[in-house]
Structure formats: structure tokens, C-alpha cells
Amino acid sequence: MFLPILSSAFALALFAINANSAALSNRQATTETVLGSFYAYGEGVDGLPVFWSDETAFIGLQPPEDSTTAANVTFHDESDSTTLTVTANDTETLSATTFFVDNSAGAFEPAGFTSTPESADELVTSGFIVFGNQLVLVDDTGALEQLWWAVPTATDGVWSLRWNVDTVTDDNAVPVVVKNVAPVPIGVGTS
Ligand SMILES: *[C@@H]1O[C@H](CO)[C@@H](O)[C@H](O)[C@H]1NC(C)=O
Ligand SMILES: *[C@@H]1O[C@H](CO)[C@@H](O)[C@H](O)[C@H]1NC(C)=O
């Protein structure tokens, strides 16, 4: 007679614990979105990772020759705020982690990372979303912009990631799409 009552109380307590932990992980899931690494796709740029080098965004597999610190990075949207921050994939400590572009008229400047987003007047640090799997900037009117270009550096196979506000043509540069999806390696999979 006692036993069934005890065990149902026990079952209830277990249920309460489970419900609590489910609520907790839901809450964690909504406070931060991990977007992963971004990869650039365009003519001659076949899904190379966007990486951090001396507070600037580059595309490729190796640091540019004058780089002091370089790291692959994972992008996060910490509170669904459309402001993206990065963490290094290795053990490097990054001096600046908030992603920005220069969206002022005529700018064709490298995208980069700032440690003082609150005072980065000329720079845009919010409005970034992943639409489909592509990195876009939502402008004041709600339009989705993708003005990403890759400009070659002095180092072979390494490009600077730029935001080309007025879509100026540059013979060396190529427009790219920036996706949070890595390329599928050729020859891997079914054969
Ligand atoms: C980033 O990771 C790729 C492999 O995914 C590696 O080839 C490349 O050297 C790494 N780049 C940096 C800057 O650590
Ligand atoms: C960086 O780390 C994330 C998480 O482990 C991983 O998904 C991503 O492929 C890594 N990026 C590169 C460029 O290797």
C-alpha cells in the first residue's frame, strides 16, 4: 500500500528534474548561436576559410607573410543581437573579437575585428545574419546586402576579405559569397 505512493512521488520528482534541465538547455540555446567558420566562394576562391590575422579578416589556409598572429575562428551571435564575435579555433588569445565592415559611401575596405565596438563610429558591427547559409548585412531599410569581395594579397593563395560598398570594379578582385558551410572535399564519399 505504501510502495505505489512512494514510487509515484519518486517518479514525479524525476519528471521535475528532467523538465528543469530541458528548460535550462532551451534557455542556453536561445542566448547564443554558434554560426561556425565562414568560407568564401567565388572565381578562383573555392571555399577557403575566413580567418583572423592581426585584427583583419583574410581568406585562405595560411597567414599573409607580414602576419604576427593568425587563427581560424568560429563565429558566434551571443544574444541573437546580429553582432558577431569570434573565438580562435586554437589556443590563441585574440586582441579583438567583434566583427565589422566599413559601410561608408565609397568604402572598399577589409572586414575586420574590433575590441571597442561601442566607439567604432565609422564601422558597422550589427545587422549581420546568416540567410540560408550566406552571411549578409541587413541595412536600415531591411534590405539584405552581400558586398563581399576577395582582394589578392602579396602572399599566394591568401586574399583580403573586403566590403565593396559601391561595387567598384577591380581587375584583381573577385566578388565572393561567404557561407558557414565548408566545401565538400573532392573524392570523398561514395565511389
Ligand atoms: C585553418 O584550418 C585549415 C584546415 O581546416 C588549415 O589548413 C589552415 O592552416 C588553418 N589556418 C590557420 C590560420 O590556422
Ligand atoms: C573551427 O572549429 C569549428 C568548431 O570545432 C569547426 O566546425 C570548423 O570547421 C573549424 N574551422 C576551420 C576553418 O577549420
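Me: Which strand gives the most to the shell around ligand 1?

Reply: β5 does, with three residues. This is a predicted model, by the way. β3 and β5 each supply at least two residues of that shell.

Me: What makes a residue part of the shell around ligand 1?

Reply: Its C-beta atom, placed from the backbone, must lie within 6 Å of the molecule. P49, F51, L61, Q62, P63, A70, A71 and N72 are the residues around ligand 1.

Me: How do you know how the shell around ligand 1 divides into nonpolar, polar and charged?

Reply: Ala, Leu, Phe and Pro count as nonpolar, so P49, F51, L61, P63, A70 and A71 go there. Q62 and N72 are therefore polar. The count is six nonpolar, two polar and no charged.

Me: What makes up the surroundings of ligand 2?

Reply: G36, S37, P49, N72, T74, N89 and A182 surround ligand 2. The split is two nonpolar, five polar and no charged. Gly counts as polar, so G36 falls on the polar side.

Me: Why is the set with A40 and V50 called a nonpolar core?

Reply: Because such a core is a set of buried residues of listed types, Ala and Val among them, joined through C-beta atoms within 7 Å. The largest one has 33 residues, and A40, V50, I59, F99, A150 and L161 touch the most other members. Strands that each supply at least two residues include β2 (39-42), β7 (98-102) and β14 (148-152). β3 gives the most, with five.

Me: Which residues is A150 in contact with, beyond its neighbours within four places in sequence?

Reply: A40, G42, V45, I59, W159, L161, A173, V174 and V176. These are called contacts because the C-beta atoms lie within 7 Å.

Key: Residues numbered from 1 in each chain as written. Chains lettered and ligands numbered in written order. Predicted model: local features only at pLDDT ≥ 70, side-chain atom pairs only at ≥ 80, totals over all residues. Buried ≥ 20, exposed ≤ 12 C-beta atoms within 10 Å, placed from the backbone. Helix = DSSP H or I, 4+ residues; strand = E, 2+ residues; numbered from the N terminus. Contact = placed C-beta atoms within 7 Å.
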